[in-house]
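Open the model in your viewer and keep the selection panel at hand. The stops below go from the cysteines to the ligand.

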Amino acid sequence: MTEAESIAGNLRRVRDRIAAAARAACRLPEEITLVAVSKTKPAEAVAAALAAGQTVFGENRVQEAAAKFPALRATHPLSLHIIGGLQTNKARDAVRIADVIETLDRLKLADALEAAIAREGRTPALLIEVNTGLEPQKSGVARDQADGFIEDCQSRFGTALTGLMCVPPQGEDPRPHFTWLAGCAARHNLGTLSMGMSADFEIAIACGATWVRVGSAIFGGR
Ligand SMILES: *Cc1c(COP(=O)(O)O)cnc(C)c1O
């Protein structure tokens, strides 16, 4: 089996699992968008996924995304999400290349994105990342600061702020984290919930995820 065949088969299996998890939760499979996380993988792997009908991709690092995606975008309609912690000095590049930035998590970055959006004349959709597990090393606004930060960002960015994202602590039951994020999004009328990765996307779907970010189950280990 070629690498491309293996990626196509993995995509089929992940899509089937998403559909089954949606049905089990009395939801429609169409409510859930698969974000294929292609970080560290070559452009050929992304091209294979595109050929298999996948159009939404996630990358952690702006520089890596900028190296891979503009050429692919020239020949394929696709949507690019930045899902890794974003440095303020990369805000302008992120606004230039991304359709979605999922990791807005602090005032300095909100300032930088606001300025970049004004300069570039281009507005990606924005998600706020919440550090639901209060892990000091992780990006994301602290859980107890989330309400204030969300309100501030809603007044700055208006409808461009579409939802929330989280990465629960490894080795913990993700359910309370996903449930908390879903409740927080509902309080603020935010419709997009980006949660769930290869190991837990079915649980995330049961908890209301509308986007799941799946890397290794599609592209193999890193
Ligand atoms: C790498 C990564 C993913 C995908 O992880 P897998 O376990 O490979 O599915 C999802 N979200 C974020 C923020 C990531 O960094």
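**Cysteines, then the ligand**

Select Cys 166 and Cys 207 and draw the distance between their sulfur atoms: Cys 207 holds the closest cysteine sulfur to that of Cys 166, and at 9.5 Å it is too far for a bond. A disulfide would need the two sulfur atoms within 2.5 Å. Bear in mind that this is a predicted model. Colour Cys 166 by accessibility next: its relative accessible area is 0%, so the residue is buried.

Widen the search for disulfides to the whole structure, and the count is zero. Cys 26 is in none either, its nearest cysteine sulfur being that of Cys 207, 14 Å away. Is Cys 26 buried or exposed? Its relative accessibility is 75%, so Cys 26 counts as exposed.

Now move to the ligand and select the residues around it. There are 13 of them, and those that come nearest are Lys 39, Ser 198, Gly 215, Ser 216 and Arg 222. Colour this shell by residue class: six residues are nonpolar, four are polar and three are charged.

Three polar contacts can be labelled one at a time.

- Lys 39: an N or O atom of the side chain is 2.7 Å from an oxygen atom of the ligand.
- Arg 213: here the partner is a nitrogen atom of the ligand, 2.9 Å from a polar side-chain atom.
- Gly 215: the backbone supplies the N or O atom, which lies 2.8 Å from a ligand oxygen atom.

With the contacts still displayed, turn on the ligand surface. The ligand taken alone exposes 390 Å², of which the protein buries 88%.

Finally, hide the ligand and show the pockets. Which pocket does the ligand take up? The space it occupies is the largest pocket.

Methods
Residues numbered from 1 in each chain as written. Predicted model: local features only at pLDDT ≥ 70, side-chain atom pairs only at ≥ 80, totals over all residues. Heavy atoms only, no water. Near = heavy atom within 4 Å. Polar contact = N/O pair within 3.5 Å; in protein donor to acceptor, adjacent residues only side chain to side chain. Areas by Shrake-Rupley, 256 points an atom, 1.4 Å probe, with all protein chains shown as cover. 1 Å grid on protein atoms, 1.4 Å probe; cavity = no way out; pocket = protein on both sides within 12 Å on 5 of 7 lines; lining within 4 Å. Sits in = over half its atoms within 2 Å of the grid points. Nonpolar A, V, L, I, M, F, W, Y, C, P; charged D, E, K, R; others polar. Buried < 20%, exposed > 50% of the residue type's maximum accessible area, 1.4 Å probe, protein only.
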